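Here's a quick tour of one model, from its strand pairing to its ring contacts. Have the viewer open as you read.

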Amino acid sequence: QVQLVESGGGLVQTGGSLRLSCAASGRTVSSYHMGWFRQAPGKEREFVAAISWSGGSTYYADSVKGRFTISRDSAKITVYLQMNSLKPEDTAVYYCAADPSSSLGTIVSVRVSRYRYWGQGTQVTVSS
């Protein structure tokens with residue numbers, strides 16, 4: 001069983017920064033592709049960023065490209081999302097997710113449906 005626990009959310013002013021962390025447990029999680037998604041009130045959950053199991057490939061939504069950076073530690077069981085130049089439209093609950101299909105040789109996906117394991121989410125609020 002895989003468990004994901006996010007932390008690092010909070011309230012920040014426009015232009016500020018936050019660093020989200022996702023601590024993953026489970027014996028094979030280091031071999032999973034990992035992603036960050038977000039969901040604002042009244043909106044669907046949307047892709048933010050993803051990283052391959054090796055850490056060698058990263059992908060970003062156009063809305064965050066150049067401002068957010070996804071990374072994973074050397075043990076590949078903690079995933080980070082560094083968020084800079086935050087905007088009010090970044091306000092949402094941010095979720096960490098794991099995609100075990102990487103073991104089948106799949107490429108990183110931006111689709112919510114690909115990710116099997118999800119954390120409980122952490123609130124990010126950007127004030128104007």
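Let's start with one pair of residues: T69 has Q82 of strand 8 as its bridge partner. Keep in mind that the model is predicted. Zooming out a little, strand 7 and strand 8 run antiparallel to one another, with five bridges between them.

Both strands belong to an open sheet of four strands, ordered 1-3-8-7 and paired in the antiparallel sense. Strand 1 (3–7) and strand 7 sit at the edges, each pairing on one side only. On average, neighbouring strands in this sheet are turned by 15° against each other, direction ignored.

Now for the packing. The largest nonpolar core has 37 residues, and the members touching the most others are L4, M34, W36, L81, M83 and Y94. Several strands supply at least two residues each to this core, among them strand 3 (18–25), strand 4 (33–39), strand 8 (78–83) and strand 9 (92–99). As a general point, nonpolar side chains in soluble globular proteins tend to be buried together.

L4 is a nice one to click on. Leaving aside residues up to four places away in sequence, L4 touches C22, A23, A24, M34, C96, A97, A98, Y117, W118, G119 and Q120.

What about the rings? There are six aromatic pairs in the count. Two of them go in the table.

| Pair | Centre distance | Plane angle | Type |
|---|---|---|---|
| Y32 and Y117 | 6.3 Å | 5° | stacked |
| F37 and Y115 | 5.0 Å | 70° | edge-to-face |

Which parts does the Y32 and Y117 pair tie together? Y32 is in the loop between strand 3 and strand 4, while Y117 is in strand 10 (residues 117–118), so this pair joins parts 85 residues apart in sequence. Both Y32 and Y117 are buried.

The other pair does a similar job of linking: F37 lies in strand 4 and Y115 in the loop between strand 9 and strand 10, so parts 78 residues apart in sequence are tied together. F37 and Y115 are both buried too. They also turn up in a cluster, where ring pairs link F37, F47, Y95, Y115 and W118.

Finally, a couple of arginines over ring faces. R45 lies over the face of Y95, 3.7 Å from the ring centre, and Y95 is one of the cluster members above. R19 lies over the face of Y80, at 3.9 Å from the ring centre.

Notes:
Residues numbered from 1 in each chain as written. Predicted model: local features only at pLDDT ≥ 70, side-chain atom pairs only at ≥ 80, totals over all residues. Heavy atoms only, no water. Core = buried A, V, L, I, M, F, W, Y, C linked by side-chain atoms within 4.5 Å. Buried < 20%, exposed > 50% of the residue type's maximum accessible area, 1.4 Å probe, protein only. Contact = heavy atoms within 4.5 Å. Phe/Tyr/Trp six-rings, centres within 6.5 Å; stacked < 30°, edge-to-face > 60°. Lys NZ or Arg CZ within 6 Å of the ring centre and 35° of its normal. Pairing = 2+ DSSP bridges. Axes fitted to C-alpha atoms, helices over the stretch in contact; angles between N-to-C directions.
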